[in-house]
Amino acid sequence: MTMFCNQCEQASHGTGCTTAGVCGKDEDVQSLQELLIYGLKGVAAYAHHARKLGMRDERVNGFLEEALFSTLTNVSFDPEALLELCLECGQVNLLVMRMLDEGHRMRFGEPQPAMVREGTVAGPGILVSGHDLSDLAELLRQCEGTGVRVYTHGEMLPAHAYPELAGHPNLVGHYGSAWQHQKVEFLAFSGPILMTSNCVLVPKEAYRDRLFTAGVTAVPGGRRVRGGDFSEVIRAALASPPLPDHFVRETEVGARERLSACAGSPAMRPPSRRRPAGDLA
């Protein structure tokens with residue numbers, strides 16, 4: 001097993017320990033600490049979205065502190081103790097996903113199967129991607145009466161299954177495919193793009209001035225939305241070339257059982273209706 005550890009101030013030569021830790025840890029300990037850090041990324045992401053919906057849990061908060069402290073400051077070199085934390089991380093991940101699911105259902109209604117129009121409608125539009133349904137809801141509220149249509153992209157597709165979002169007149173459909181195609185799809189979309197969370201790529205210069213980010217999301221040269229005020233995004237949509245009326249297809253989202261709290265879950269779109277990688281809306 002090859003070791004590379006740069007977790008602390010003791011890292012060899014300030015770059016990283018590759019054979020044995022200066023602190024005394026071995027590759028097994030380092031690997032368990034790395035695994036725990038990767039798990040914490042997921043916990044933090046879901047907890048952040050859940051907190052915006054008013055969902056909090058002290059066990060989640062406490063675990064984040066304890067697990068981060070046990071990795072980045074070299075207070076634990078015991079593989080068994082670290083393995084216990086890794087297993088607990090899995091339990092906490094399930095807990096925080098349940099919190100987010102409950103927050104979504106309380107705020108936006110019980111998710112239902114729905115048919116989603118893919119493509120564009122003639123007129124000004126905003127494309128929204130990421131996972132943050134609360135940002136989408138606030139954008140829709142601020143778009144009321146403006147004539148600006150809102151489209152979901154990528155992991156935002158499950159929004160159409162929630163009645164409070166799907167029933168909003170400004171939410172008119174879904175555009176594009178997955179996050180990894182955004183540099184092509186965002187370029188082809190004439191209006192502004194709002195990234196609410198994960199999966200943003202450093203934008204091409206050609207659409208950089210149309211890319212807005214909200215919350216903790218940010219990119220070099222992008223335009224950040226602060227305090228939930230999307231007025232600049234709406235003005236950009238009204239000033240941009242209008243989108244054409246272009247129908248691609250209808251896609252079903254949701255399932256008879258409760259939807260996954262994980263936005264972007266493969267279960268959200270039936271395999272038979274998935275778009276080929278190169279087929280753009």
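This section describes the fold, cavities and selected residues of a predicted model of one protein chain.

The chain contains eight helices and eight strands. It has 281 residues, and 48% of these count as buried. Among contacts with a sequence separation of 6 or more, 67% are made by residues that stand 24 or more positions apart. The exposed surface of the chain comes to about 13,400 Å². Carbon and sulfur atoms supply 54% of that surface.

Two cavities of 30 Å³ or more were found in the structure. For the second largest cavity, the computed volume is about 40 Å³. Its lining is made up of Cys5, Cys8, Gln10, Ala11, Cys17, Gly21, Cys23, Lys25 and Asn74. Sorted by class, this lining has five nonpolar residues, three polar residues and one charged residue.

One of the lining residues, Cys17, can also be placed relative to helix H1. Glu27 belongs to this helix, which covers residues 27-52. The C-alpha atoms of Glu27 and Cys17 are 9.8 Å apart, and the two residues are separated by 10 positions in the sequence. Glu27 has a relative accessible area of 26% and is therefore classed as partly exposed, since that class lies between the limits of 20% and 50%.

Helix H3 spans residues 79-108, a total of 30 residues. From the first C-alpha to the last, H3 reaches 43 Å, which is close to the 44 Å expected at 1.5 Å a residue. The residue that follows H3 is Gly109, and its phi is positive, near 95°. Leu94 is located within H3. Its relative accessible area is 54%, so Leu94 is classed as exposed, the limit for this class being over 50%. Leu94 and Val43 are 51 residues apart along the chain, while their C-alpha atoms are separated by 8.9 Å.

A further pair of residues, Met195 and Thr217, was examined in terms of burial and contacts. Met195 is part of strand E5, which runs over residues 193-195. With a relative accessibility of 0%, Met195 counts as buried, because this class takes in values under 20%. When residues up to four places away in sequence are not counted, Met195 touches Ser129, Phe186, Val200, Leu211, Phe212, Thr213, Ala214 and Thr217. The distance between the C-alpha atoms of Met195 and Leu127 is 8.5 Å, although these residues are 68 positions apart in sequence.

Thr217 is found in the loop that connects strand E6 (211-214) with strand E7 (223-225). This loop residue is buried as well, with a relative accessible area of 6%. With its neighbours within four places in sequence left aside, Thr217 is in contact with Met195, Thr196, Ser197, Val200 and Arg224. The C-alpha atoms of Thr217 and Met195 lie 7.2 Å from each other, and 22 residues separate the two positions along the chain. Val200 appears in the contact list of Thr217 and also in that of Met195.

Definitions and conventions: Residues are numbered from 1 along each chain as its sequence is written. This is a predicted model: local features need pLDDT of at least 70, side-chain atom pairs count only at pLDDT 80 or more; totals for chains, interfaces and linings use all residues. Side-chain values use heavy atoms; hydrogens and water are left out. Helices (H or I, at least four residues) and strands (E, at least two) are DSSP runs, numbered from the N terminus. Buried means under 20% relative accessible area, exposed over 50%, partly exposed in between (1.4 Å probe, protein chains only). Contact means heavy atoms within 4.5 Å. Accessible areas come from the Shrake-Rupley method with a 1.4 Å probe; for residues, only the protein chains shown count as cover. On a 1 Å grid over the protein atoms alone, a cavity is a set of points where a 1.4 Å probe fits but cannot get out, and a pocket is an open set with protein on both sides within 12 Å along at least five of seven lines; lining residues have an atom within 4 Å of a point. Grid points are joined across faces, edges and corners, and a volume is the space filled by probe spheres set on the points. Ala, Val, Leu, Ile, Met, Phe, Trp, Tyr, Cys and Pro count as nonpolar, Asp, Glu, Lys and Arg as charged, and the others, Gly among them, as polar. The expected span of a helix is 1.5 Å times one less than its number of residues.
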